[in-house]
Amino acid sequence: MSYKEAKEKFSRIGVDTEKAIERAKNAAISLHVWQGDDVRGFDTDPNKPLTGGIQTTGNYPGRARNYKELMSDMDLALSLIPGKKKINLHASYAIFDENDWVDRDKIEPKHFKKWVDFMKSRGLGADFNPTFFSHPMCDPLTLSSPNKETRDFWIRHGKASLKISEYLAKETGEKCTMNIWTGDGFKDIPGDRLGPRKRYKESIDEILSQPFDFNIVKPCVESKVFGIGVESYTAGSGEFSLLYAAENRDRCIPLMDNGHYHPTELVSDKISALLAFFPEIALHVTRPVRWDSDHVVSFDDETKEIMKEVVRCGGLEGRVNIALDYFDASINRIAAWILGARNAEKALLYALLEPRESFTSMQDKGDFTSLLVGMEEFKTLPFGEVWNEYCSRLGVPEDGEWLGEVKKYEESVLKERV
């Protein structure tokens with residue numbers, strides 16, 4: 001079937017594929033740098049163990065070892081992913097000149113200038129994350145630690161990250177989402193649940209007391225059910241993070257990661273609930289397998305449903321900030337980047353092709369028979385032809401045609417890395 005025929009089939013249910021393609025190509029998805037080097041970063045020993053609830057599995061050859069290799073790998077990935085893209089940085093990816101190293105509580109915008117140059121030359125926006133893990137000042141807690149010296153260090157780090165986020169927003173000309181997440185918690189049942197959460201709240205309050213322009217910098221708090229080594233208690237639980245954002249909505253937005261909830265909870269169902277109260281939210285799109293395992297994003301039911309809700313709720317009108325968050329070292333890391341990002345973009349285009357007005361009308365009229373039939377028959381419409389047309393117009397290969405380029409790069413570049 002040709003795109004022309006697919007276009008005609010969609011038009012029969014009131015969908016303009018041209019408008020869907022146009023909207024999809026202008027919706028930004030933030031690509032995370034840490035997929036390329038297994039969340040190692042540049043500010044500490046690259047061979048250090050990951051701590052603070054972070055773990056990458058696998059040892060596929062060719063991990064990026066420095067910023068030049070990481071940027072080179074990212075360039076290949078960017079060239080094979082359609083649509084508008086941003087780059088999502090962690091503070092640990094600061095780039096230091098010789099003898100210029102500083103600890104995380106003293107990082108400055110200048111340590112991210114090379115990233116800004118990279119983004120500007122490629123027309124990319126930026127998002128940012130303070131890095132509250134894999135560092136000697138984790139005791140193992142950070143913002144919720146009973147040790148004031150520890151908390152103060154990480155508060156300074158959070159404030160420094162706000163300054164960097166504002167720098168990135170001003171330099172790229174796009175708003176920057178700055179995500180606060182820590183792995184603070186306990187492996188076994190705690191004797192005090194309230195104390196750590198009160199300290200966590202006070203620490204975030206202090207970070208956000210740093211002046212910043214909320215129009216261009218969007219601090220957010222990310223929750224989690226549990227993590228490695230913190231199975232029994234997480235300070236930044238779902239209730240804590242959501243209530244914090246609600247109480248501080250003039251300077252903070254909530255962030256939902258679809259791997260950070262109980263297995264029977266669905267972020268797709270939560271998006272409309274949050275947008276009923278918040279003007280803006282943030283998402284981390286990943287793929288949990290029984291828990292927050294950060295598998296490569298699939299074109300699966302929940303990813304499609306998340307993107308449907310983003311579209312249905314007006315999220316593409318600046319209300320939902322979408323980023324990816326997964327890391328897999330068991331397969332080619334660049335292929336993982338590309339596949340996950342293409343699947344997220346694919347799910348977004350699929351959502352834009354849904355006949356929303358028609359489905360909403362059926363629901364409001366109580367015609368649930370027609371709604372169910374329409375939703376089921378929508379699933380078999382020729383979406384693949386529209387996706388291929390989308391890729392072709394944006395100058396990237398169709399499905400089945402991009403992996404060869406990654407394999408060539410693996411042979412000529414990745415296998416040379418020892």
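This is a short talk on the pockets, cavities and aromatic contacts of one structure, which is a predicted model.

I'll start with the open spaces. The largest pocket has a volume of about 410 Å³. Its lining is made up of 28 residues, and those closest to the centre are I54, Q55, D292, D294 and F327. If you sort the lining of that pocket by class, you get 12 polar, 9 nonpolar and 7 charged residues.

Next, the second largest pocket. Here the volume is about 350 Å³. There are 20 residues in the lining, and S223, S237, G238, E239 and Y261 lie nearest the centre. Which element gives the most to this lining? That is α7, with 4 residues. On your screens, α7 covers 238-247, and two other elements also supply at least two lining residues each: β8 at 253-257 and α8 at 267-275. By class, the lining of the second largest pocket has 8 nonpolar residues, 7 polar and 5 charged.

Now the closed spaces. How many cavities of 30 Å³ or more does the structure hold? There are 4. In the largest cavity the space comes to about 70 Å³. It is lined by 13 residues, with D127, T177, L255, H284 and A323 closest to its centre. Four strands give two or more residues to this lining: β3 (125-129), β4 (176-180), β9 (281-285) and β10 (320-324). The lining of the largest cavity counts 6 nonpolar and 6 polar residues, along with 1 charged residue.

On to the rings. The structure has 17 aromatic pairs. I'll take two of them.

One is W115 with F118, an edge-to-face pair with 5.9 Å between the centres and 85° between the planes. Both residues belong to helix α4, which runs over residues 113-122, and they are 3 residues apart, about one turn of the helix. Are these two rings buried or exposed? W115 has a relative accessibility of 0%, so W115 counts as buried. F118 has a relative accessible area of 3% and is buried as well.

The other pair is F186 with Y233. The ring centres are 5.5 Å apart and the planes meet at 25°, so this pair is stacked. This contact joins distant parts of the chain: F186 is in strand β5 (residues 185-186) and Y233 is in strand β7 (residues 233-234), with their positions 47 residues apart. Why do the two partners fall into separate burial classes? The cut-off for buried is under 20% relative accessible area. F186 is at 28% relative accessibility and therefore counts as partly exposed, while Y233 is at 4% and therefore counts as buried.

Ring pairs also build a cluster, which links F10, F299, Y350, F378 and F383. If you are following along in the viewer, select those five residues together.

Last, charges over rings. I have two cases to show. K218 lies over the face of F214, at a distance of 4.2 Å from the ring centre. R249 has its charged end over the ring of F278, and there the distance to the ring centre is 5.6 Å.

To recap the volumes: about 410 Å³ for the largest pocket, about 350 Å³ for the second largest pocket, and about 70 Å³ for the largest cavity. That is all I have.

Key. Residues numbered from 1 in each chain as written. Predicted model: local features only at pLDDT ≥ 70, side-chain atom pairs only at ≥ 80, totals over all residues. Heavy atoms only, no water. 1 Å grid on protein atoms, 1.4 Å probe; cavity = no way out; pocket = protein on both sides within 12 Å on 5 of 7 lines; lining within 4 Å. Points joined across faces, edges and corners; volume = space filled by probe spheres on them. Nonpolar A, V, L, I, M, F, W, Y, C, P; charged D, E, K, R; others polar. Phe/Tyr/Trp six-rings, centres within 6.5 Å; stacked < 30°, edge-to-face > 60°. Buried < 20%, exposed > 50% of the residue type's maximum accessible area, 1.4 Å probe, protein only. Lys NZ or Arg CZ within 6 Å of the ring centre and 35° of its normal.
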